[in-house]
Amino acid sequence: MDWEVILSDAVRSGIGPVAAAYALAAIGLNIHFGYTGLLNFGQVAFMLVGAYGVAVSVSTFGLSLWVGVLIGLACSVVLALLLGLPTLRLRAEYLAISTIAAGEILRLFYRSSWAEPVTGGVFGLQQFADEFYDINPVPRDRYGFWLIKYSSQDLWALLIAWGLVLLITVLVALLVHSPWGRVLRSIREDEDAARSLGKSVYSYKMQSLVLGGAIGSVGGMILAIDTQSVNPDSYDPVVTFFLYTLLVLGGAGRVLGPIVGAILFWMILTFFDSALRQAIGAGVIPQDVISAPEVGAVRLALVGLGLMLLMIFRPQGILGSRREMMLDVR
Amino acid sequence: MRVSRMLVPVFALLLMALAPASAMAQSNEVPRGPTFLDRALQVLVDGIQFGSIIAITAVGLSLVFGTTHLINFAHGELVTIGAVVAFFLNVAASGPGWHLIPAALVAIAAGALLGGLIERGIWRPLRKRGTGMINLFIITIGFSLLLRHVVLVFYGTRPQSYREYDIQQAIDLGPVGITPRDLTIVVLSVLVLLGVAFMLQKTRIGTAIRAVSANRDLAEASGIDVNRVVLVVWVLGGGLAALGGVFFGLTEIITWDMGFRLLLLMFAGIILGGLGSAYGAMVGSFVIGIVAQVSTLWFPIDLQNAWALLALIVVLLIRPQGILGQRERVG
Amino acid sequence: MSVDLSAVAAEPGAAKPDPLLVVDGVSRSFGGLTAVHVEHLEIQRGTITSLIGPNGAGKSTLFNVLSGFDKADSGTWTFDGRPATGRAAHRMARRGLVRTFQLTKTLSKMTVLDNMKLAATGQRGEQVLPALLPPLWRRQEKEITGRADELLERFRLAHMRDEYAGTLSGGQRKLLEMARALMVRPTMIMLDEPMAGVNPALTQSLLGHITDLRDEGMTVCFVEHDMDVVMGISDWVVCLAEGRIVAEGPPSSVAKNPAVIDAYLGKQHDDPEARGDDEPAE
């Protein structure tokens, strides 16, 4: 077993564009769940409309990529309004179930033969981000350190992805430490109290849903632009569950929680993946216990187990404070 | 609320806009055979059959929610495990190769046992620790991921069928046809649902379940052993889920994620009927099943679940408390 | 003391010289059971008015309806001369009617100071775009912090300023909730059983705070089922039984009113296991 390969695989994945995209989506979810207490189980739907907003605008309608970005953002706002209007006045469970349902509805519609002329159906759409790579200022060369190497294109995508993560994190930090953020937290704690003090809870919940959803759609765009492809089946409900896992891992309701969570989540996931494959290849784990194709399933089972254990034994995550969590048990 | 009502047509339009020329193209090749009415009756029958499977699985989920307020995202996995256990006993090369009926009975027992074990091993200790409700939701999500992928490791990704009752000739009932297998499933499902309803209304434990659902504290204060009631609900829910899994595997196909795909339809049925009401879950599930099948009259079959879920969102817009639910003002 | 109510007739629905809250024909029922049915009620500005009645009389339900936390089935009411029927809770609060809750609703995972600052109204930084530019709201924030500190001092909570509200004792939470309500600068404050579950020493201090509020010109209305607590400080007492007003008047006259004695004793005689909750369970 080559530990250097395993560790470098883990690091590459932890700082990779997918981790950045997940970090963005999780920042949005953190606004919903971490600060406002909204149970949005359909964050993947926002990623999907963001990704397809870009892809469809360019591939199907021949618009500019930048117009596509605006369309993706607009779609996420519309989706948030559609979801929020009926459910934000109801008990939390309704939002949870309608959001997960909405994500699945969108995925099914986008992949259907019915929508194929627009969305590419099950085949998805490809090669729509050339405009993004055309303005790449990074000189053609090989970059990297250790066993981790990037082409200039990879580096460009990576810089933009993490740059956006940083920018949005700063904005979110400003917001949550403002009086606006104080109202959100009060809604998370007790919405009736917020209401009795003159805060329009419904309006704030809606603002939170729209803002977090729009940030989630940016995550979807990064995912789409990085691979130059969209496919409906990458937007499975499971993605939202991953986002919850990494958010809880990093610390929900903490500004840096989603970033720390996303990096660690992908490092750990890839570490298991790479280590299991190496172990099977080297015969350390016999083929009939776990075969190579089963590695993917095993690591997802471990994600599930990890999420359960985290939630049971350290629900405040890495960055959260234990004291704050203890206040829950009154 | 008035604003949101106006959104229904907007939402519908938004989705219609997605349907371009392809929908038109299909109408050119309408089969000459059955009339529209015949096809409508046929999909109605199919819908009732699909709805009966959703209902059987959703009742347990609804009862668990009613008694403990837990939204159990891992309920779908109980369905899958039921189907897969029966598969191993019935088909798998390493299994005993039993006939499906004893295999299904053992699967139901296994589902009931698993439900009970989960309640005793996970949820009861967590409730005792005072774990918050939202944390519990997320734990069920983790549990669902865990179970689903453990099934995947053992079962694999290949969709498979049971050995018996796989291919049958439909009985001709005038305009509609139904295979003896599907007819049996509908009849058995309805009987089981009636049995559950009878139990809830007439037996001591059923009364206790309803009491705990209505007001847990009051039930506890009046001497009902809430933990025992919840355990019974889990055992019942697990058994019903496994039965539903076998039925689902029979009518469609057995896959590692069949339960998870069904889970959303169960949720839709439960919310449609009114969250927390077992009878509501039954009614809502039939509605969902029928909507899913009837939508195939006009829309491609790969969208049938999407229409069923859309029905859920439309109902939330116009009657958030569900068909049988009580008006409850929150906010 | 501050307002003379001696000229007002001590009968249900009596008109007051300068009413702040006027209620007409408000009713609310739960599943066929009428919880509240109030023909007419006026609450005089600048007084302490107590709403008494046995458990299940509908006091809290009336409170919830008037403060926008529940919907009335019928009826109208005005607040400060303007219609207020069916207005949302946060709008009522902004118009100056602030309420507290029987089970205190402190925001546990926020500090005591944040609890206070949250309650200030008209904060510019509560809008999403200005929130991004701290210079726009920093001065206002400072002013709010000053006001919050003064109130914390007055309610003897200053030493807990930076602690999580979740660490406060039950009595301290009641104090915090009252202080927080004052941050809204209300014209009327509705207190839902402020004395429930509070030790006798703190009860005295709470009563003192309530009288102070009245003396500063605020209108106080509170719900209490224990008659003895309210007699000493109320200017006017309204007694509810089975959702209806059975008596109102100055404390001394209400205490002697046979309808009130009936409501309290009758209830206990007929129905020894009267519901422990004001609202029937659904």
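These questions and answers concern a predicted model with chains A and B.

User: What makes β2(A) and β3(A) count as paired strands?
Analyst: Pairing requires at least two bridges found by DSSP. Four bridges join β2 (residues 142–145) of chain A to β3 (residues 148–151) of chain A, so the two strands pair. They run antiparallel, and Arg142(A) stands opposite Ser151(A) in β3(A).

User: Which residue in the hairpin of β2(A) and β3(A) takes a positive phi?
Analyst: Trp146(A) does, with phi near 55°. The hairpin has two residues between its strands.

User: How many residues does each chain bring to the contact between chains A and B?
Analyst: Chain B gives 50 residues and chain A gives 48 residues. On the side of chain B that touches chain A, the elements that give two or more residues include α1 (2–16), α11 (258–273) and α13 (304–318) of chain B. α6(B) gives the most, with 15 residues.

User: How do the residues on that side of chain B divide into nonpolar, polar and charged?
Analyst: There are 39 nonpolar residues, 10 polar ones and one charged. Asp, Glu, Lys and Arg count as charged, so the one charged residue there must be one of these four kinds.

User: What makes a residue of chain B count as buried, and what percentage of the chain is buried?
Analyst: A buried residue has 20 or more other C-beta atoms within 10 Å of its own. Of the 331 residues in chain B, 49% are buried.

User: What is the secondary structure of chain B?
Analyst: Chain B has 13 helices and two strands. Among its contacts between residues at least 6 apart in sequence, 77% join residues at least 24 apart.

Key. Residues are numbered from 1 along each chain as its sequence is written. Chains are lettered from A and ligands numbered from 1 in the order in which they are written. This is a predicted model: local features need pLDDT of at least 70, side-chain atom pairs count only at pLDDT 80 or more; totals for chains, interfaces and linings use all residues. Two residues are in contact if their C-beta atoms, placed from the backbone, lie within 7 Å. A residue is buried if 20 or more other C-beta atoms lie within 10 Å of its own, exposed if 12 or fewer, and partly exposed in between; C-beta atoms are placed from the backbone.
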